[in-house]
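Work through these exercises on empty space in a protein model. Try each task before reading its solution.

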Amino acid sequence: MQADVFETSESGNKLTQLTEFKTAENDTLIQVSEIVLSPEKQYQTITGFGGSFTESSAYLLNKLSKGNRDKIIQAYFGDDGARYSLTRTHISSCDFSLNNYTYAPVADDMTLEHFSIKEDKDDLIPMIKDAMKASEDGFKIIASPWTAPPWMKDNKKYVGGKLLPKYNDVYSLFFSKYLDAYKAEGIDIWGITVVNEPHGNGNNWESMHFSPEEMTNLVQNHLGPKLEADGKGDVKILGYDQNRAGIKEWVDAMYKDEASSKYFDGIAIHWYESTFDFFPEALQYGHNKAPNKYLIETEGCVDSQVPEWKNDAWYWKKEATDWGWDWASEKDKHLHPKYAPVNRYARDIIGCLNNWVDGWVDWNMVLDKQGGPNWFKNWCVAPIIVDPENDEVYMTPLYYTMAHFSKYIRPGAKVIDANNTDKDLMVTAAQNPDGTIAVVVFNEGTSKKHFSLKLGEKVKNISINPQALQTIIIAN
């Protein structure tokens, strides 16, 4: 079998190509497992992998030298980099903005005459445009508001509250205006979500609450028809946009019947419900409810944490907490243990791909040594961390972890069957549009593993280091 093997490991490999493997053929004490690929058994079609354009990330890029700014853009979007294909950005401000702002600040401006994206023109839009120039294949953008303009809400605030029904049509116009404004900048938005995290975030930063029925009503009777009437019916509308444990109640409402599901193109989900449980039953329920619609992870990160600076080892150790570590109830504590960041990403993405998820989007692409800037001081970790004062860039192991998927599993790929006999390895596989097959293998354990990769009559014996992630590319 002709195959290229790339590995990222706790021992120091960073997408390093491996060419020689010590086989276990002559050692009867070493058990060799099998991974058998069946390309004829196909599952979902991949939409893409990537990260998010935030004002914080874009602001930091503008603080760096041109050389380092270009280095980061190329690392994410260049052909020699991670080749991100699916991204997200925020509509108006979010917690990873420098302050609260809305594109429609004038109260009761029912025609949104004063709508303006000027706040995005210094940082956010230039970052997106630079990424577009660097990307050979292009990428899709999902745009999400964290809240409607405060004057449209019952509490008149950026944080919390609900959209008043009398503004349903104005809020729908708000999306149409946004899509037009970005198009005028040369940026096409592929999809939108109705609001980020409709269950709220504990009333900490920008948010707006919806029940599944309220959001379904908005999309079915206002937002969907408005975009269609304005010639924007091809823009994807993704519902929900929060944690996976809530999938069932949301898809039951969204996909209740033909009328309710007409304008929904899929469901967006986040991973914060748990550090390590990817909720396979919920994912499968969401897929089975509407097999032809998208199931996209739109946000995930190691949060509530000040990132370690230039310390690769931390990303492989069980030192990272998540948002629920400090406050989760006793019955939910088991969902929020300390957990190595690389393991969390690798385990989650593979688990998602093996349960019908077709896209996976990381949160901020770039943050500083504090885990910001974030106006609420909600510190998080990003795959690339920078020190703008000293013009330094740190590519964390999370960057290489993301690249194992985004670089090698391309949009349009079909997830295929991969039967794995070693319960201690996690495996997923996809066949790309060019016929190549990408197999991703994750060894979370502390001992080296040997396996035999089989495709029809072809076989390749491979070993994977302890605490390592491998992507194997099988030639067409």
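**Exercise 1.** How much space lies in the second largest pocket? State which residues and elements line it.

*Solution.* The model is predicted: local features need pLDDT of at least 70, side-chain atom pairs count only at pLDDT 80 or more, and totals for chains, interfaces and linings use all residues. Residues are numbered from 1 along each chain as its sequence is written, and side-chain values use heavy atoms, without hydrogens and water.

- Start with volume, the space filled by probe spheres set on grid points joined across faces, edges and corners. The second largest pocket holds about 260 Å³.
- A pocket is an open set of points on a 1 Å grid over the protein atoms alone, with protein on both sides within 12 Å along at least five of seven lines; lining residues have an atom within 4 Å of a point.
- Of its 19 lining residues, Gln44, Thr45, Pro291, Lys293 and Asp358 are the closest to the centre.
- Strand S3 (32-45), helix H8 (280-289) and strand S10 (294-299) each give two or more residues to this lining. Helices (H or I, at least four residues) and strands (E, at least two) are DSSP runs, numbered from the N terminus.
- S3 gives the largest share, three residues.

**Exercise 2.** Describe the largest pocket.

*Solution.*

- About 360 Å³ of space lies in it.
- It has 23 lining residues; closest to its centre are Asn201, Trp205, Asp303, Trp323 and Asn378.

**Exercise 3.** How many cavities of 30 Å³ or more does the structure hold?

*Solution.*

- One. In a cavity, a 1.4 Å probe fits but cannot get out.
- The volume of the largest cavity is about 50 Å³.
- Its lining includes Phe77, Asp79, Arg83 and Arg410.
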